[in-house]
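Please look at the sequence and the model before reading on. The paragraphs below go through the structure part by part.

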Amino acid sequence: MTGSPTWNPEISPSPDSWATGSVYFRSDAQGIHLHLPSTLPWEELWENLVWQLRSRKPYWAGVAPLTLWSQQRELDMPTLQLLAALLSQHGLQLWRVQTRSRSTAIAAATLGYSVEQSSLLGAVPPAPPDTTPLYLRSTVRSGMSVRHRGSVFLLGDLNPGGEIIAGGDIWVWGRLRGLVHAGADGDKGAVILALQLEPTQLRIADQVARPPEGGSLPNTPEVVYLQEDVICVASLQDFLRRGV
């Protein structure tokens, strides 16, 4: 099976910054780093952080030291204590706070954390690519965004209004009804797989497409892939036959 075009492709805008407007983790030789966006409302930020900690498979073992990057966000002592307690439940020990806010620096120092206060001109170091696959067991609800440099494997549903953006493949072992962007760093060999494919929008590398009016095949796992810069769809069985 060579596959047939299922949607009319068009050029997608370049992918958004991975860190823009979302909570994200990264790791290096100094431990785990948690970056908090400065513009996201606190209620949404907290919900997203709790969801990520509960849903993702930890890539650290035992108790791991964590640096909190809060940028310009102002955090008082009760908020820092609340964050530390939440992180502790998941094997993460807050020990350093990197901030551009004087009030946050004072609160962190008062609680005994190591503090690094950067000026407004100081740049946050770029996150090194973490291509370790991300495994999630949850439902990605409307308004939620999952962004990861590697592949993302979701055991659950992606609801309308939710999105997954990955540098590698995207597997949804459930109903895919939101927006997905595989190969977001330009990998045209990335694929999207779902048990039930009902997306609002599909993207692979620099191509974007919308679902056909007829919908997907009922109760049939399907794979979305690029062929000569055209987004194609095939049943999982037919897709596997392509390599035979």
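How many bridges join strand β6 to strand β7, and do these strands run parallel or antiparallel? The model shown is a predicted one. In this model, β6 covers residues 92-99 and β7 covers residues 114-117; four bridges join them, and the two strands run parallel. One of the pairings can be found by residue number: R96 has S114 in β7 as its bridge partner. Helix α3, residues 102-110, belongs to the same arrangement, since β6, α3 and β7 together make a right-handed β-α-β unit.

That unit is one part of a chain with four helices and 18 strands. The chain has 244 residues, and 48% of them are buried. Its accessible surface comes to about 12,100 Å², and carbon and sulfur atoms account for 52% of that area. Contacts can also be sorted by separation along the sequence: among those with a separation of 6 or more, 45% are between residues 24 or more positions apart.

Another set of parallel strands can be followed from β9 through β11 to β13. Strand β9, residues 145-148, is joined to β11 by four bridges, and the two run parallel. Here S145 has E163 in β11 as its bridge partner. Strand β11 also pairs with strand β13, residues 179-182, in the parallel sense, over three bridges. In that pairing, I165 is matched with H181 in β13.

Which way do the residues of β11 point? In a regular strand the side chains alternate between the two faces of the sheet. Strand β11, residues 163-166, shows E163 and I165 pointing one way and I164 and A166 the other way. Residues on both sides of this strand are buried, for E163, I165, I164 and A166 are all buried.

The next topic is the nonpolar cores. In soluble globular proteins, nonpolar side chains tend to be buried together. The largest nonpolar core here has 28 residues, and those touching the most other members are V146, I164, L176, V180, I192 and V224. For L176, leaving aside neighbours within four places in sequence, the contacts are L158, I192, A194, Q196, L197, E198 and P199. Apart from the largest core lies another core, of 26 residues, with V23, I32, V50 and W60 among them.

Strand β17 is a useful place to look at one residue in its surroundings. V223 is found in this strand. Is V223 buried or exposed? V223 counts as buried because its relative accessibility is 1%, and the cut-off for buried is under 20%. Not counting residues up to four places away in sequence, V223 touches V191, I192, L193, C232, V233, A234, L236 and F239. Distance in sequence and distance in space can be set side by side for V223 and A194: they are 29 residues apart in sequence, with their C-alpha atoms 6.8 Å apart in space.

Aromatic rings come next. A pair of aromatic rings is described by the distance of the centres and the angle of the planes. There are four aromatic pairs in the model. In one of them, the rings of F153 and W171 have centres 5.5 Å apart and planes at 55°, so this pair is tilted. F153 lies in strand β10 (residues 152-155) and W171 in strand β12 (residues 170-176), so the pair ties together parts that are 18 residues apart in sequence. F153 is partly exposed, with a relative accessible area of 23%, and W171 is partly exposed too, at 32%. The rings of Y225 and F239 have centres 5.2 Å apart and planes at 50°, so that pair is also tilted. Y225 lies in strand β17 and F239 in helix α4 (residues 236-241), so parts 14 residues apart in sequence are tied together. Both Y225 and F239 are buried. Ring pairs also link Y135, F153 and W171 into a cluster.

Finally, consider the loop after β17. E228 lies in the loop between β17 (222-227) and β18 (230-235), and D229 has its place in the loop between β17 and β18 as well. Although E228 is not a glycine, its phi is positive, at about 55°. D229, also not a glycine, has a positive phi of about 65°. E228 counts as exposed because its relative accessibility is 76%, whereas D229 is partly exposed, with a relative accessible area of 37%.

Terms used. Residues are numbered from 1 along each chain as its sequence is written. This is a predicted model: local features need pLDDT of at least 70, side-chain atom pairs count only at pLDDT 80 or more; totals for chains, interfaces and linings use all residues. Side-chain values use heavy atoms; hydrogens and water are left out. Two strands pair if DSSP finds at least two bridges between them. A crossover is right-handed if, with the strands pointing away from the viewer, the path from the first strand over the helix to the second runs clockwise. Buried means under 20% relative accessible area, exposed over 50%, partly exposed in between (1.4 Å probe, protein chains only). Contact means heavy atoms within 4.5 Å. Accessible areas come from the Shrake-Rupley method with a 1.4 Å probe; for residues, only the protein chains shown count as cover. Rings of Phe, Tyr and Trp (its six-membered ring) pair if their centres lie within 6.5 Å; planes under 30 degrees apart count as stacked, over 60 as edge-to-face and the rest as tilted. A nonpolar core is a set of buried Ala, Val, Leu, Ile, Met, Phe, Trp, Tyr and Cys residues joined through side-chain atoms within 4.5 Å.
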